[in-house]
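Biologist: Got a minute to walk me through this one? I'd like to begin with a helix.

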Amino acid sequence: MRVLVAEDGLMMRRILVDALVRWEYEVTEVEDGAQAWEAFVDEPFRMVLTDWVMPESDGLELIRRIRSAKLPFYVYIILLTSKSEKEDLVVGMEAGADDFLVKPVDHNELRVRLREGERIVRLEQELAEQNRQLRETQAALVQSERLASLGQMAAGMAHEINNPIALVANNLAVLKRDVASALEILDLYRSIHNDLAKSHPELAQKAEELTEQCDYDWIRDESPALFNRSVAGLKRVRDIVQNLRSFARLDEAQLDFLDLNQAMTAVAQVLQHEIQSHEIDLKLEPGDVPDVVCEPGKIQQVLHHLLLNAIQASPPGGKVILRTSRCDGGVAIDIEDNGSGISSSDLAHIFEPFFTTRAVGSGQGLGLAVSYGIVRDHGGSIEVSSVEGRGSTFRVQLPMRPLERQTLGGSHEG
C-alpha cells in the first residue's frame, strides 16, 4: 500500500516515514501541501497522511483538493495536528478527513489507524471490482436481448421478404420472355402496315395513333434493359436479406469458422443506409487471412458496432477504412476513421459499461463494453489509438484457436 506523507517538520516527518517503512508501506514524503498536491496529481495515492498546518498550502486545502478531484477510487486521509479541541475535529472531518490523530503521534495508535484505513481501502477495491463485474454482466444481458431481437427480426424479414421476392422474380422472368415474343409479333404486324393501310385505312390509322401514344419504339428498345435492371434490383434485395441472415447467423452453430472478409462485407451491407446517409467513403481492404474459429454472431456484432461508431464519428464526406490482416498468432481487424477522435481523458474509460460521450438519450454506452468482453472471451484483444480532432483506429486481434478446429467435425477449405 502506497502512502503519501505531507509534514513540514523534518523530525516528525522522519519519525513517520521510518515507522511506515518498518510496517512495509511504500512511502512518498513531501514538505508542504503544494508539493503534496503535485505528487498526488502525478500518481494518486490510496492513503494520505497530512499535517494540518503547513506553508504554501495547509492540510485542509490538500484534503479539499483531493475530495473535489473526480477519482475512480476512494482515498483514505488521516489528518495530523496538535489541535485537540472538539471544534477542530469537526472542522477537519468536514473538510473530508477520514481520521484524526493528535501530535505527538503514538506509534501504536498510528499503526492501528493505518491498518483500519488499509482495510477500508481494500474493501472499496473489492466493492469496485464486484460493481464492475455486475455492470459488465448487466451490459452483456442488455446486448444479448438486442442480439436476440435482431435475430428474430432477421428471421421474420427473411421469411416475409424472400417469398414475395421469389414470386416477383418468377413473374419478371415470364414477362421478360413473353414481352419479347409479343414485340416480335408486333414488329411483324408493323411490317405489313402499308398493305393494311390500302385495304383498311381507318384501322391502319388507329394502329398508328396507338403506336405513337404508347411510344412503341421506346418500349421495344428499352424494355430489355428495364427487365434487366428490375432483375438486378431484386437480386440486390435478395443479397441484402442474405447478408442480414449471415450477420445474425441464424442457421449456424454457436462455435464455427468465420471468414472475416465475408463478415466485413456483410456488416458493411447491413450498414449501407448509415453509410449513404452520412455520405461516408467506406473502403474495404480484405487481406489474405485464414478463417478463425469463433462465435460468428458475436464477432460480427463487434464489427457492426465498431463500424457504426466510426461512421457516426465521421463528418459528412468522411473516410472510413475497414481492413483485415495477419498478426502474431491470429488475425487483426482495423477500423480507421478521420472523425472527431477521442480525448485523452475519455480514452481511459471508453470500454467501461454505460460510459458514453454522446448526448443524453442518444446512446447507452454498452457497445464498446460488450465488444471488449466478447473479444476478451475469445482470447483476443481490442485496442484504440486516437488523436482528438483527427480520428481513431480500433484494432481487434483474434487468435486462430487451432486446437478447436478438430472439435468442429468435417473438413474445411479456405
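Modeller: Sure. In H1, the buried residues are Met12, Arg13, Leu16, Val17, Ala19 and Leu20. Buried means under 20% relative accessible area and exposed means over 50%, with partly exposed in between (1.4 Å probe, protein chains only).

Biologist: Why do they end up on the same side of H1?

Modeller: Because they cover an arc of only 165° around the axis, taking the directions from the helix axis to the C-beta atoms. As a general point, an α-helix has 3.6 residues a turn, so residues three or four places apart point the same way.

Biologist: And which exposed residues are on the face turned away from the buried side of H1?

Modeller: Leu10, Met11 and Arg22 sit there. Just after H1, Glu24 has a positive phi of about 70°.

Biologist: Before I go on, what sort of model is this?

Modeller: It's predicted: local features need pLDDT of at least 70 and side-chain atom pairs count only at pLDDT 80 or more, while totals for chains, interfaces and linings use all residues. Numbering starts from 1 along each chain as its sequence is written, and side-chain values use heavy atoms, with hydrogens and water left out.

Biologist: OK, new topic. How many helices and strands does the protein have?

Modeller: There are 13 helices and twelve strands. Those are DSSP runs numbered from the N terminus: helices are H or I with at least four residues, strands are E with at least two.

Biologist: What about the largest nonpolar core?

Modeller: That core has 37 residues, and Leu306, Leu307, Ile333 and Val396 have the most contacts inside it. A nonpolar core here is a set of buried Ala, Val, Leu, Ile, Met, Phe, Trp, Tyr and Cys residues joined through side-chain atoms within 4.5 Å. H11 gives the most to this core, with eight residues.

Biologist: Anything beyond that core?

Modeller: Yes, a second, separate core of 21 residues, including Ala39, Phe45, Val48 and Trp52.

Biologist: Now Asp337. Is Asp337 buried or exposed?

Modeller: Asp337 counts as buried, because its relative accessibility is 9%. You'll find Asp337 in strand S10 (residues 330-337).

Biologist: What lies 2.8 Å from a polar atom of its side chain?

Modeller: The backbone nitrogen of Gly339. Skipping residues up to four places away in sequence, Asp337 also touches several others, including Lys319 and Arg390, where contact means heavy atoms within 4.5 Å.

Conventions. Polar contact = N/O pair within 3.5 Å; in protein donor to acceptor, adjacent residues only side chain to side chain.
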